[in-house]
Structure formats: structure tokens, C-alpha cells
Amino acid sequence: MLIPRHREKKSLANARKNRLEIIKAQLSRREMMKAGLLGAGGYLVLKNGLSQWASGYAWASGGGGDGGTPITPSPPTRAFIEALPIMPIRQPVAALSGPAPTIAPNTAGGEGRTRPHQAFGSYPTKFTFPAALKFETHQREAFVSMSPDLPPQPIWGFDGQWPGPTHYARYGQDLLIRNFNDLPADNRGFGMNSVTTHLHNAHTPSESDGFPCDFFARGKFYDHHYPNALAGFGSTHGPSGDINEALGTLWYHDHRVDFTAQNVYKGLAGFYCLFNNLDTGNETTGFRLPGVPDSAGFFAPIKYDVPLMLADRVFDPSTGALFFDLFNFDGILGDKFLVNGKIQPFFEVEPRRYRFRILNSGPSRFYQLFLTDQGSNTQIPFYQIGTDGNLLPRPIQVNNSIVAVAQRMEVIIDFRNFAGKTLYFENRLEQIDGRGPTGNTLPAGAGNFIMQFRVKSTGAADNSVDPATNPQFYALPNKTTAARASRRFRFERGNGQWQINGRLMDGDCSAPRFQVQQNSVEYWTLENKSDGWMHPVHIHFEEHQIMSQNLPLLTTDVSRKDVMRLQHRATAQLFFRFRDFIGRYPFHCHNVVHEDHAMMLRWDIVPAPGGDTNSQP
Ligand SMILES: [Cu+2]
């Protein structure tokens, strides 16, 4: 039946209004099920005007009426008219606001933590309480401009910024960070104002890791202890840890159970960079990676060492406001590409080498990044030096790199031969819905130009290492040790939800699915039997190495990783060594929409001689 154009528009507007009201009510998937808004299959029930929005002509259906990519485009915005923002560095404080820190949770003093700091009890000689270095951050609402062509957007940010301040830290120097929840009562449309902050892939005691159910209410604070200690310090590589486990580019982000997608989409994310006496942030020392320290000292942005946070977003076509669709279970694809919080910025660079720390902050898109000279549509090779926050053993020359949600790629780009030219980061991966890329790479020039480089004609001296000389960074840790336990995990869709081995994450995170023995080795097999979906799977606490996969590996997959890009019909076996701390951790799909629709599980690390060997938890 043909619907008159004006009626169609009106019903669409009603549907959107109804959906926004449900989202504003902060209902989780579980609550929506209870309220009868979701059917048994997990799909949105077609009633009360919701159906128009869900079922076809407003959204390219992902199948089954469960939403998909918006056909209704965001309002037009101009590209490459605003400069790339560089985030400020978080500054230490002499004293924390509020009560003095305590090892036990200071519930009476307003702390939301529920478990004592373990590293001060079990490791008194290594970590002295309280940590000498102290920071604080305030999560709060702010209005920011993402484009001069859009209205100011209400975001939630660490210290009111998106991306949040970049945190610089050094190995061997542990720190306390007091995290205040100063978020507003009114979420202005979406977002949950109880929060938990995860430091992605850090070797962090469980109580400071930002476990999904360790969320704390507005008005409270939470003290996180980050040891910044190399893995193995308490076991295989005592007392200082294994230098080959050194991490570089981490990021912090909200991890609230059932609400991670909304809260990260709203802005709760930032970079955390770890340095040591090899990766120094100074191109005249250590590995000599590009970087010139600021004369203001360690807590100031390092020149030529640039974090880039990629994000895609949808904006309401009528109001220009940031839009989040809670009813899309495939994954949310934005039609606007932001880098460091700006839509398609430009960056003026000198004709020399730069280190870029590139993070895909989601929510759901995969990128295949090329460096494109738009005039000729030629691809310029560059060197990849890291994946997922870990330096590769040596630089690898590539002409593109794939980065799934939550993955990082570190690259060195040499602009020396491009003085006066304009280059672009171009995403050429074809992806038409939140399920994952199609597998096709678009022709050169046909992708999305997400960022522009304007190369100046002159620049400062370059003392950084030339990656073409094949310098050695860290070696790969040994992975020949036999496993104490082998486990197998299927990532699958069932009843319209996202499952691991046929089960959903429980909403109170109360039951561990399995227990790992502290300081043991395990082999985990991850399996995706579908060719409809891809899952970037993140395992907390320890990175892994891929032992084998039934699909070809990228040259850069021979590395340490913290996200497994589980492709269509992939089966991959991973090597893990779980060391040092104990407690509960999650493991989940980092397409944050899949994560919130329960593709996550809790597992625990327990002291020897505990732990189980359940092969299909
Ligand atoms: Cu997934």
C-alpha cells in the first residue's frame, strides 16, 4: 500500500519520538524485554508507532526488522575546514579532592568502590600505599562543537572533553586516579549516568579494571590504582616483569554493563600512553620513535607523536543533534567520520616522520585505512609499528591497515617527499550495516576521506629512526609452554541476541563462567561459524598471540594483541598467560552494540591450586 508522503513523514517523526522517549527512559535490553517492547526473538515489537522506524523505508533493514543503516542521512557538513584537535595531557595533582585514599573502599566517604586494592596487600614491597603519583578526573556534561555546520552537542566527557585528556604514564611508576561521577541527572536523550571506567588492556588489578558491574552512581567517586608494571613481575619474570610485554597505546572508556555503547558514543573515552626507557617519547633516545618532548616536561603533548581517535556518528537530520539508535541490534554505523572529536579535520604536518597512534573507538565500524594522494588516487605505503597498543617486533611496510573496534594501529608516516602536497586517510572498507564489513575493498578514491594532511614546505630536523632500516623493538614472548587448560568459545546469534556458547551475559555479572589459575597458560579457541557477522573480541588483562587460524593472517597479526578480529567463518587459537593479579574480568565482543546485547561473559583468575579446566564454558 502506498502511504501519502506527508503521512509517511508524520509517522516517521512519531516513531522517532517514541523511540527517543524509550531511550531517554534509560531502559536496558533486559528492561525493554520485561516491558514488552522486545519480542521473544529480541526484535523490537512493532507497535505504538515504533514499527515505521524499524521496518523498512527509514532504515535499510538488517533483516528481521531489527534496524540497520540509516538511509536518512545526517545533515550536510563541510570537510577539512577545521584543524585536528590535540588533546591536553592530564596533569598530576598534589592532593586529591575529598578524603584521603584508603585501601578498603571508603563507602562512608562517598566512594563507589566495593573491593579493597589488592596490590597494596599482596605486594607491599612493590607498591607503597598510597601511590606517589595522583590524578583526578571529573566525568561531566559539556557542550562541544563537532562541526561549524552542526549545533553544539551535549556530550559526557572526562573533564568535560571528548576525547578525554590524554594520560601519559611511565612503567615503574604506579599511580592512583580518583574518578568522580559528576554526570547530570538528565541524560538529554541517551546515556546511563552510573559508570565504570576500563583502562583497555592494562595489566590492572580487577578492582581497578572498570569491571562492567563495578559501576558507581553520580555524586560518588572511585579510586583506581594503575600499577604500570610489566606482566610477569610476580611470576615468570620477577621482580620487574617481562620487557617483551611492554604496552604503549592504551585507551580508557566507559564499560557500564548494558550501557557501554551509549556511554562511549556520548564521549566517555580517551587515550592512555605508556612509556619506558626504550619507548621514551623522545626521538634521540631508546627506540628513537618520532617524538620531541615539550619544554614544559613530561605532562605536555609530545610533538610528532599524535594520538588519533576515529569515531563515526549519526546526527538527527532535522535538529543536527547527535543521535543514538537503541533499537539497532546489528551495530550502529555513522555516516559522519570524526577524528579527535571533529568531523573530517585537517592536520598541518612538517615534511618529516610522524608517529600516529590510531584508535578505532567505535561503536561498530571496521576501517581499512589507506594513505591516499587524492589528485592521482595513488596509495602511499607507510610503516606499521604496532597493533593493539603493542609494538611489533620490527616495523612492517604496508599499503593499508585494518582496524576493528577498540583496536589500535601505530604507524610511522614519512612526509619528507610530499612537501607542499595534500594527502588523506581514506577508509576503503565496504560496510553497509553494523554486522561487519562485506569483505570488499572499495576502489582508490571511492572510500571515505576521513582526515586531510597538509604537508608544509619546510620543517624541523628529524632525528627519529628510519623504519626502513628495520630496527628491532620488543621480541615476541615465548609461546611454547603447554597449556593448563584449553577452552572453546562460539560467538553466535541466538533468539535475536548475541551469545557466547549459547548464553548471554547476566545483568548483575554475578556468576563466573570459568576460573583461570593465576600464573598459568591457556589456549582459547574463538569460533565464528557465520558469514553474516564479524566480531572484534576483546579479552581483558593479558594480551594474546594468535597460534593458528583457518584464514590467512595479516603480516601484522604476528604480534601481541588484545582484540581478535573474528572474521566470517573464522576459527582462531590464541595463546594466553594469566599472571600476577586475581579477581574478575570480562571478555566480550567490542562492537559495543553486540556487547550490550549480551555478547560478554565473566571469568575469574583465582590463586593456585584453584581454577577449572572446563573446555566449553
Ligand atoms: Cu560482535
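**Figure 1. Overall view of the predicted chain.** The accessible surface of the chain comes to about 20,900 Å². Carbon and sulfur atoms account for 53% of that area. Of the 617 residues, 62% count as buried. Six helices and 34 strands make up the secondary structure listed for the chain. Taking contacts between residues at least 6 apart in sequence, 76% join residues at least 24 apart.

**Figure 2. Close-up of the copper ion and its protein donors.** Three donor atoms are shown: ND1 of His 535, SG of Cys 589 and ND1 of His 594. They lie 2.0 to 2.1 Å from the copper ion. Along the chain, the donors follow the spacing H-x53-C-x4-H. The two histidines link distant parts of the chain, 59 residues apart. His 535 sits in strand β29 (residues 535-539), while His 594 belongs to helix α6 (residues 592-596). Both His 535 and His 594 are buried.

**Figure 3. Close-up of the largest nonpolar core.** This core has 33 residues. Those with the most contacts inside it are Phe 489, Phe 491, Trp 524, Leu 526, Phe 587 and Trp 603. Strand β32 (residues 571-578) gives the largest share, four residues. Domain 2 (119-276) and domain 3 (485-606) each supply at least three residues.

**Figure 4. Close-up of Phe 587 and its contacts.** Neighbours within four places in sequence are left aside. The aromatic partners of Phe 587 include Phe 489, Phe 491, Trp 524 and Trp 603. Other contacts include Ile 500, Leu 526, Val 537, His 538 and Ile 539. Met 599, Met 600 and Leu 601 are also in contact with Phe 587.

Terms used:
Residues numbered from 1 in each chain as written. Predicted model: local features only at pLDDT ≥ 70, side-chain atom pairs only at ≥ 80, totals over all residues. Heavy atoms only, no water. Donors = N, O, S within 2.8 Å, 3.2 Å for Na, K, Ca; no water. Buried < 20%, exposed > 50% of the residue type's maximum accessible area, 1.4 Å probe, protein only. Contact = heavy atoms within 4.5 Å. Areas by Shrake-Rupley, 256 points an atom, 1.4 Å probe, with all protein chains shown as cover. Core = buried A, V, L, I, M, F, W, Y, C linked by side-chain atoms within 4.5 Å. Domains from an automatic or database assignment.
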